[in-house]
Amino acid sequence: MKKIANYINGKLVAPQNEKYIDNYNPATGKIYSLIPDSSEADVNDAVVAARDAFVGWASLRNTERADWLEKISHGIESRMNELALAESTDNGKPLWLARSVDIPRAKDNFKFYSTAIRHFSSESHQTAEGVINYTLRKPVGVAACISPWNLPLYLFSWKIAPALAAGNTVVAKPSEVTPMTAYLLSEICEEIGLPAGVLNIVHGLGHSTGNALISSDEIDLVSFTGGTATGAHIAKIVAPKFKKMSLELGGKNPNIIFDDCDFDKMLKTTLNSSFANQGQICLCGSRILVQRGIYEKFKEAFVRKVKDMKVGDPMQEDSRQGAIVSQPHYEKILDYIAIAQEEGGKVLTGGKAIHLEGEHKDGWYIAPTVIEGLDQQCRTNQEEIFGPVVTIQPFDTEEEALALANSTGYGLAATIWTSDLHKAHRMGNKVESGIIWINCWLLRDLRTPFGGVKNSGVGREGGWEALHFFTEPKNVCIAY
Ligand code: NAD
């Protein structure tokens, strides 16, 4: 069985304790590879390697680091099909999705920051005749980058690329649930001869390997994407050490649909924003708020379309949804569906596991689920489920829509559907959320700030925001 290796100081190495964790293929429920169960000793080796490599990497010209990032981007491109297959096998997402979204985006993340760093500049301020302030932007040091399982290589590279571009060295830990493409990335870095220690990838569990990494006194900043509870734990450890932190956390996003919207476009996009990647995208809308005038029309059309969505083998081109990422997550989603029913919710479609046949009979599949009849304060509408489960709720006025939209502890993303430009801007301004999509969803421009408010996180990724996070400003004032 394939054993994944850590990538430390430029070499693919086994964990020192020789311990491994089982890695499952969610489509079949079978173990198909083994992941290093790395200990603190492996993390320390990686951190020391990153520390040793820092001065050399930081002192390269921006253009030289940009060239390295471009080589990584080409390396991903040249193994596109292999990476897409690995992502789908590891995560359960449809192969067509990994091929069209995840892996191209990982390639683009490196490409984007290879060009961004070439154009990165800092400010100067002329204070008076003979007095100039200028700001240096220096790399911070060793960056700890920790990522989740839902968009494995996509989110992993979204941190690593700007960290490296800015001149930091990196110790990265991918999710133990989906480690394979991070491992393949380390093969790519080894193949292109990335200088030793610049990027280190250590595999293992969150509470052991991840915890050792964020607790290390030798790291200088933490960039984390994952659950809100994990983010709070990390903040408790990292904040008292006054290290920079960026936390991209959970969401409970509203889709706000007014009766004056372009119905067909809204319907098509809302299907996608509800169930893409089995609803396991932090930006998926899980609370669909519909103005009463079109509520019944929407309900009927939406449920009909959801019933038609094929849940199946991720390798099949016509599978709209694949498998849920892991057995614990599958059970958690089914538990939430039961809670929703106990709370009085009516399941309009789905609401149950799907059992496929043949080699997929033990895979973890859940029918896309639509629930109505719940009030906003119930657990189903307050807690993140992170699966193919949405609720629909009617509203009458703009004020009511706003109150419903803002009534959770989260604030990551929202969609607003209306043809009224004034209403769109009013709502866009008032919905408490880091990202608003009006009459669209997941239209990404990598230059824009990415992240959430309230319990959805602290800080922003993307564009200059990430390069600012991964650099330390130093002001120099000179009088002449
Ligand atoms: P998670 O918090 O369980 O794990 C995320 C990562 O943190 C994994 O690599 C894990 O091993 C590691 N980790 C866990 N405990 C740790 C600890 N004590 N110390 C250090 N590292 C630790 O999250 P998950 O289940 O992998 O991912 C799903 C969550 O991620 C959802 O809440 C989702 O909303 C969120 N998410 C947010 C964004 C965003 O941009 N805001 C994007 C994707 C996913």
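This passage describes how the ligand sits in the predicted model.

The ligand occupies the space of the largest pocket. Its placement relative to the domains is easy to follow: domain 1 (2–249 + 456–479) and domain 2 (253–445) each contribute residues to the surrounding shell, so the ligand lies between the two. Secondary-structure elements that supply two or more residues to this shell are α7 (206–215), β11 (221–225) and α8 (228–238). Of these, α7 deserves a first look, as the largest share of the shell, 4 residues, comes from this helix.

Turning to the shell itself, 28 residues surround the ligand, and those that come nearest are S147, E176, T230, L249 and E384. By residue class, the shell is made up of 12 nonpolar, 12 polar and 4 charged residues.

Polar contacts to the ligand involve both backbone and side-chain atoms of the protein. At S147, which is also among the nearest residues, a polar backbone atom lies 2.8 Å from an oxygen atom of the ligand. A polar backbone atom of G206 is found 3.4 Å from a ligand oxygen atom. The side chain of H233 takes part as well, with an N or O atom 3.4 Å from a nitrogen atom of the ligand. Taken alone, the ligand would expose 850 Å², and the protein buries 88% of that area.

Methods
Residues numbered from 1 in each chain as written. Predicted model: local features only at pLDDT ≥ 70, side-chain atom pairs only at ≥ 80, totals over all residues. Heavy atoms only, no water. Near = heavy atom within 4 Å. Polar contact = N/O pair within 3.5 Å; in protein donor to acceptor, adjacent residues only side chain to side chain. Areas by Shrake-Rupley, 256 points an atom, 1.4 Å probe, with all protein chains shown as cover. 1 Å grid on protein atoms, 1.4 Å probe; cavity = no way out; pocket = protein on both sides within 12 Å on 5 of 7 lines; lining within 4 Å. Sits in = over half its atoms within 2 Å of the grid points. Nonpolar A, V, L, I, M, F, W, Y, C, P; charged D, E, K, R; others polar. Domains from an automatic or database assignment.
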